[in-house]
Amino acid sequence: MTPRRVVLLTAVLSAAAFVLPETAAVASAPHGTPGSVGSGDPYFPRQGNGGYDVSHYRLAVHYVPGTKRLSGVAHVTARATMTLSRFDLDLRGNLHVSSVRVNGHRAAYRQPKKLVQELVITPRHALRAGRRFHVTVHYAGTARPVTDPDGSLDGFIPTDDGAFVASEPQGAPTWYPVNDTPRDKATYAVSITVPKGLTAVSNGALTGRHAHGRLVTWSWALHQRVSSYLVTATLGRFAVSRGRTSSGVPYLTAVDPREAAAKPVLKQLPAIVDYFSKVYGRYPFGQAGAIVDHAHKVGYALETATRPLFDRAPDVATLSHELAHQWYGDDVTVAKWRDIWLNEGFAEFSSWLYTEHTGGQTTAQHLATLLANPASDSDEWLPPPGNPGSGKGIFADSVYDRGAGTLAALRQLVGDRTFFAIMRGWLPAHRYGNATVGQFTAFAQRVAHRNLTHFFYEWLYKNGKPTG
Ligand code: TRP
Ligand code: ZN
């Protein structure tokens, strides 16, 4: 026996001794390679994990607002992309795991404090490359959101009557075990158990509402694959209403009664969905809607898939921004967080476009207003939207405003025919997938039949105000 082999065996023995009462893990020879911690995003290095690809999450969560106790059972269906001796899911340390099964067998696991959000799972048998596997995780703890590099709260955020659940860019592991990279898209079936009288809203279609004793379970299913940060389980006191847009998309809204100002704005929701369907192409999901909570401390809205989430009654510009994300962000999603312009620049431009469509300022007027800001106004111009530099910069004003200005300027440069051919053509090229800024600029050049290198340098990458 070589010394290296002794070390390996010791590692297996100690993992088994501390976590597993059984000795089965020792009997099967170590085989395969551990999946990596993280998936290679320099802005959020621990996000996501290597070695497998999730296809479906079935989540059952239970939340007690009075004690903030969050418990859950997650069933994760995945495929190994390499032969795995061990792999991680992302789950924050305040959520304590009580059991993990892989393909029905008890598996060893650890939640190393140092790694903050890694649930390290050692299955009884190595997982063979290319094979599907199932993981079941039982967990519970006191709910706690994370604080983003820019200081905002993210994830499972307790409110006075429930929770506001918004997981961009790194909140998903505050409420479920997940391969938390925007590149691993999956379908979801989420059921949420809450005290009777509360409503719990997730993504996709409402598939059931079952009362049992003093509790009620709300079940939802989303059949299109989305990134983990786009899934919600927002709960509280809500008034629910449903309808269908003129083009036939079913929608469901849930509004906190304290945010009655949302009513007249949400009246426009069907028209906005249908307008973007006309200019960008068919609505990517089977369901639409909105969730309007009363959670002012959050300070932002999120484009949760099928049903964007607002921390207060939105104005029309914010509503149209989040609805446009269903195409740009939720259907076609960033590959890495540095690609955030593909989300925010496009959604912000789209809200300018909807304003133009309804008789307000044109996108050209918006662009002129933006360009009136002097080069010394660093908040409007820095960081450059094509390279925000770090996790702290991804939601900077410049990513939204200079980012929308980029598309308004492109529209003027190439003309409406070519511009809308670019905007529409981009979507089927990456449907339910991911893309980079570089892929978009290359695509735009191909459709426009012209070299746009200098244009995109000025607008997306230059360290300061672009020269028209
Ligand atoms: N993506 C959201 C939007 O549509 C903004 C957002 C999500 C955000 N998470 C955030 C902003 C965290 C600040 C901090 O605009
Ligand atoms: Zn946005």
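**Note on the predicted model**

1. Alanine 254 stands opposite isoleucine 291 in β20. The model is a predicted one, and this pair of residues is a convenient place to begin reading its sheet. Strand β19, which covers residues 250-255, runs parallel to strand β20, which covers residues 288-292, and 5 bridges join the two.

2. The wider sheet is open and is formed by 4 strands in the order β18-β19-β20-β21, with mixed pairing. The edges are taken by β18 (239-244) and β21 (309-310), each of which has a single partner strand, so one side of each is left without a neighbour in the sheet. As background to this point, strands of a sheet pair through backbone hydrogen bonds, either parallel or antiparallel.

3. Turning to the metal site, the zinc ion (ligand 2) has as its protein donors His321 through NE2, His325 through NE2 and Glu344 through OE, and these lie 1.9 to 2.0 Å from the ion. Along the chain, the donors of this zinc ion follow the spacing H-x3-H-x18-E. Histidine 321 in helix α5 (residues 316-324) and glutamate 344 in helix α6 (residues 341-357) are 23 residues apart, and the pair links distant parts of the chain. Both histidine 321 and glutamate 344 are buried. In reading the site, please bear in mind that water is not among the atoms, so sites may look incomplete.

4. Helix α6, which carries glutamate 344, also packs against helix α4 (residues 269-280), at an angle of about 105° and with the two axes 11 Å apart. Angles of 65 to 115 degrees count as roughly perpendicular, and α4 and α6 are therefore roughly perpendicular to each other. From α4, the residues Ala271, Ile272, Tyr275, Phe276, Val279 and Tyr280 meet Phe349, Ser350, Leu353, Tyr354 and His357 of α6. Sorted by class, this contact of α4 with α6 has 9 nonpolar and 2 polar residues, and no charged residues.

5. A last point concerns valine 37, which lies in the loop between β1 (33-34) and β2 (52-64). Is valine 37 buried or exposed? With a relative accessibility of 40%, valine 37 falls between the two and counts as partly exposed, because buried means under 20% and exposed means over 50%. When its neighbours within four places in sequence are left aside, valine 37 is in contact with Pro45, Gly48, Asp88 and Glu118. The C-alpha atom of valine 37 is separated by 37 Å from that of leucine 319, and these two residues are 282 residues apart along the chain.

Definitions and conventions:
Residues numbered from 1 in each chain as written. Chains lettered and ligands numbered in written order. Predicted model: local features only at pLDDT ≥ 70, side-chain atom pairs only at ≥ 80, totals over all residues. Heavy atoms only, no water. Donors = N, O, S within 2.8 Å, 3.2 Å for Na, K, Ca; no water. Buried < 20%, exposed > 50% of the residue type's maximum accessible area, 1.4 Å probe, protein only. Pairing = 2+ DSSP bridges. Axes fitted to C-alpha atoms, helices over the stretch in contact; angles between N-to-C directions. Parallel < 35°, antiparallel > 145°, perpendicular 65-115°, else oblique. Contact = heavy atoms within 4.5 Å. Nonpolar A, V, L, I, M, F, W, Y, C, P; charged D, E, K, R; others polar.
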